[in-house]
Each structure stands twice: as structure tokens, then as C-alpha cells.
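Thanks for making the time this morning. I would like to walk through one structure with you, going from the chains to the contact between them and then to a few local details.

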Amino acid sequence: MKSMILLGLLLVCPSARADEMIVHIDNFTFTPAQIEVHPGATVRWDNRDDIPHTVTDAAAEKSFHSAALDTGDSFAFTFTAPGIYRYFCALHPHMQGTVIVK
Amino acid sequence: MAQSDGVDARRGFLKCMVWAGTGVVWTMSGGVPTSRLIGSAQAAEPSGDLTFMQISDSHIGFSAVPNTDVAGTLGEAIAKVKSLRGTAAMLIHTGDVSQLSKPAQFDTAEGIIQGAGMETHYVPGEHDVLDEDGKGFFARFTKGGPQGYYSFDQQGVHFIGLNNVQNLKAGGLGNLGAEQLAWLEKDLAGRPASQPIVVFAHIPLWTVYQEWGWGTADGEQALSYLKRFGSVTVLNGHIHQIMQKVEGSVAFHTALSTAFPQPAPGSAASPGPVKDVPAGRLHALLGVTKVTETRGSAALAITDTRLEG
């Protein structure tokens, strides 16, 4: 629920908040491919590619899974629990990234 | 070799089959009479040549460089299909009908493709199953296969449409999954090895380029079920360019897109659309495919025709 509220705010105010990290999607690549955040931080993925992509938790029990993000779409998720979160694009599974929460 | 020799004799006999080039040819060595020993109704009563057409990757909804009118180029592809079809009664679409699985995109694509006036068989691309696990696509385009895979016979040729675009794993390739593989094995069991098989699926069943995910993780398993058949043709899309390979009795072929070209494996930083298409050259990089299976001659012809040039 929290991430949905944040997403709503982002539509109004697209500039990054202090506790928000942005990952860009360009050219079938998550950049930066690995980021470190503190618990409670929000990560936002901006798809700037001309092909749709997803942001999908690679774990069997998925804690986050975006819809298909078209060009210009964003997805945000707030990481509350420490851990290493590997994710990928469910459409192009060779695209992978990692969020380290500690 | 008499019929009473039973199963072992039949197996020995099948080993004598010669498969030539990319053709669907039932040539037996040693002058052994053919069809009745195999016991195949299809072989005993060949019903003549079969020709069908293939289109792929129409990506209705895509609107960026190098093609802001993918509905227009799909329309041109369908016009090409109509002009080239000859006796072909059937059309297959190897997926990525839409860009974002939107009902309106499916509507547009279906409307244009129906303009060909041909029976059309679809398999899903990863762009077609973005919502509700693909239910929207399956309900509309693969009515005989609620999971996006199915088979049928046409003039003695066995066609198998596969779905290798769902439940993809991080870092992985296309995926068929255990359930579909079990279905495939069962579907092929008991079929005579002389029956020509055409498999069509979106992502190439063989590994074209692992770094870009251009292959199917469990494709080898599927191909192992097909090894005993004398003629197998595998038709794919996904990579928006023509690639061909012959391995044993299996001929692999990928089709052009009707929407935009993609780079040759490893020739660009990513597999995204080729953007620097010279003015007026886009139509030379899009096209349609015609497949003719000619029995009794060496020529199964797979012919790719570009929209222009």
C-alpha cells in the first residue's frame, strides 16, 4: 500500500526524494545494475527504453513485480527488510539487477 | 523385410530413411517399398504438396524509430501474403502480435490479418501475455490451446504450436516448462516417424545468442522428442531477422518481423530495434515467409520475401 501511495505522489512530483534511489532502464540495461539502500528507502525504476520492460523479483516468493512498463513509465517499491534482492525483466530475462538493503 | 517382422523390423526400416537437405522427402534406400510397411495412413495416401505462409512480430502498438506505422507495414505484409500465397490456405503468426497485450492492439492486428482471408494459427510472444497470464491472448488467438500451445494436422503434416514465453527465469532463456513438455511427448507418441512435423514457437528453440536470451532453456528436451522423425521444420520469430540452421533431420528458420529489424547477435549494445535504418530502406528489412513442403522432391522451400527491395 505504501508503495502505491508513493507512486501517486511521484506522478505529481517526479523529482527524486532524498530517500529515493532511481534506476534507469536504457538499452535493455538496468543502470546502476547494483544499488545499496537503507531499510525504508524507495527505489524507482524509470523506463527510458523504447521497448517495454518489467521489474520482477527473482526470488520464488516475489515481493515485487511491476506491470509492463512502457516507454516513460515508472515503478517504485519501498524496501523495508534488509537483504539482497535480485531482480530481472520478465520479458527479457537476461536483464538483471540487484538491490542491497542494509 | 516383411510386415510380420514386427516392431524391430520397422525400426530397422526407418533407419533406412534418407532425409535430404531441408526437404520433406520420403526417400527410402534399397528400393524398399515405402508407405505400407510404415503403416501410416498419411504415408500410404500422400495428399499432395502443402504450402503455408508465416508472418511474425507485428508489434501492434509500437510507435518509435524506425517505424511509427506498424499497422501500415502489417497491412503491407498481408498484401504480400495474398499476392504470394498461391495455393496456400493457411497462415501462421509466430508471436508478438501486439506490443503491450492491449485488447485494442489485438483488435487492430486481428482485423488486418483477417484481411488475408486465410485460416490463421497463432502462438504467443512475450509481448502478448503481459496481462492476466496471457488469458486475453489465449481466449482470442489460441482457442484450441488454453495455455497457448496446441497441435493439429493439415494434409498429413503435423503442426505443433508451442508457448515458450512464460515463466521465464532471471538470466535465462525462453521456457516451455515441464507440463508443456509432457504434453508434447504425449502428442508425438505413436506418430509414424515418416510424418512431417512443423513446430512453430516465438522464441527460437535453439540457442541463437545466449547473451540476449535468444534461445529456449528446455528446447533441447523438446527436440529430443522430435529426433526420430524424418522431417522436422522449426519456425520461430522473436529476433526480427532471418537465421537458418539444419541439424540432423531438423531444419530451423526464423522469420523477419513486419514491424522493425533487430541487430545481428552481438553486433550492437542491446537487442533493441535497429534505429539507423537508411531512409527508404525499412521495407527491405521487413517481410513474410512462404513454406512449401513438396513430397517426393528434395525441395522443401522456405522463401523469405521482403516487403520491398
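What does the accessible surface of chain B come to, and how much of it belongs to carbon and sulfur atoms? Please keep in mind throughout that this is a predicted model. The accessible surface of chain B comes to about 12300 Å², and 51% of that belongs to carbon and sulfur atoms. For chain A the corresponding value is about 5000 Å², with 60% belonging to carbon and sulfur atoms.

Let me stay with the two chains for a moment. Chain B has 309 residues, of which 57% are buried, and its secondary structure consists of 8 helices and 13 strands. If we take the contacts in chain B with a separation of 6 or more, residues 24 or more positions apart account for 71% of them. Chain A has 102 residues, with 46% of them buried, and it holds 1 helix and 8 strands. Reading from the N terminus, the helix of chain A is followed by the strands, in the order α-β-β-β-β-β-β-β-β. In chain A, residues 24 or more positions apart make up 52% of the contacts with a separation of 6 or more.

Now to the contact between the chains. On one side, chain A contributes 15 residues, and on the other, chain B contributes 23 residues. Together they bury about 1500 Å², with carbon and sulfur atoms giving 68% of that area. Of the area that chain A buries against chain B, 35% is supplied by Asp50(A), Leu91(A) and His94(A), which is more than any other three residues supply. Asp50(A) appears again when we turn to charges, since its side chain meets that of Lys275(B) in a salt bridge, at 2.9 Å from N to O. The rule finds 1 salt bridge across this interface, and the count of residue pairs in polar contact between the two chains is 4.

Within chain A, I would point to an open sheet of 4 strands, with mixed pairing and the order β3-β8-β7-β5. The edges of that sheet are β3 (34–37) and β5 (56–57), each with a single partner strand, so each has one side left without a neighbour in the sheet. The partner of β5(A) is β7 of chain A, residues 83–88, to which it is joined by 2 bridges in an antiparallel arrangement; here Thr56(A) has Phe88(A) as its bridge partner. Also in chain A, the peptide bond from Thr31(A) to Pro32(A) is cis, with omega near -5°, and Pro32(A) is in the loop between β2 (29–31) and β3.

Turning to chain B, strand β12, residues 287–293, has 6 of its 7 residues buried, so it is largely enclosed by the rest of the structure. This strand runs antiparallel to β3 of chain B, residues 50–55, with 5 bridges joining the two, and Leu50(B) has Glu293(B) as its bridge partner. Strand β12(B) is also joined to β13 of chain B, residues 301–306, by 6 bridges, again antiparallel, with Gly287(B) paired to Arg306(B).

Leu50(B) brings us to Phe159(B), as the two are in contact; further residues that Phe159(B) touches include Phe52(B), Met90(B), Tyr150(B), Val198(B) and Phe200(B). Phe159(B) lies in strand β7, residues 157–161, of chain B, and its relative accessible area is 0%, under the 20% cut-off, so this residue counts as buried.

The last region is the loop between β4 (90–93) and α5 (103–114) of chain B, where we find Ser98(B). Is Ser98(B) buried or exposed? It is buried, at 0% relative accessibility, and among the residues it touches are His59(B), Gln105(B), His127(B) and Asp128(B). Asp96(B) lies in this loop too, and although Asp96(B) is not a glycine, its phi is positive, at about 55°. Ser101(B), likewise in the loop between β4 and α5, has a positive phi near 60° and is not a glycine either. Asp96(B) is buried, with a relative accessible area of 1%, and Ser101(B) is buried at 6%.

Finally, chain B has a cis peptide bond joining Val65(B) and Pro66(B), with omega about 10°, and Pro66(B) is placed in the loop between β3 and α4 (70–84).

Notes:
Residues are numbered from 1 along each chain as its sequence is written. Chains are lettered from A and ligands numbered from 1 in the order in which they are written. This is a predicted model: local features need pLDDT of at least 70, side-chain atom pairs count only at pLDDT 80 or more; totals for chains, interfaces and linings use all residues. Side-chain values use heavy atoms; hydrogens and water are left out. Buried means under 20% relative accessible area, exposed over 50%, partly exposed in between (1.4 Å probe, protein chains only). Two strands pair if DSSP finds at least two bridges between them. Contact means heavy atoms within 4.5 Å. Accessible areas come from the Shrake-Rupley method with a 1.4 Å probe; for residues, only the protein chains shown count as cover. Buried area is the accessible area (1.4 Å probe) that two parts lose on being put together, summed over both. A salt bridge is a side-chain nitrogen of Lys or Arg within 4 Å of a carboxyl oxygen of Asp or Glu. A polar contact is a pair of N or O atoms within 3.5 Å; within protein, one must be able to donate a hydrogen and the other to accept it, and residues adjacent in sequence count only if both atoms are side-chain atoms. Lists of a residue's contacts leave out its neighbours within four places in sequence.
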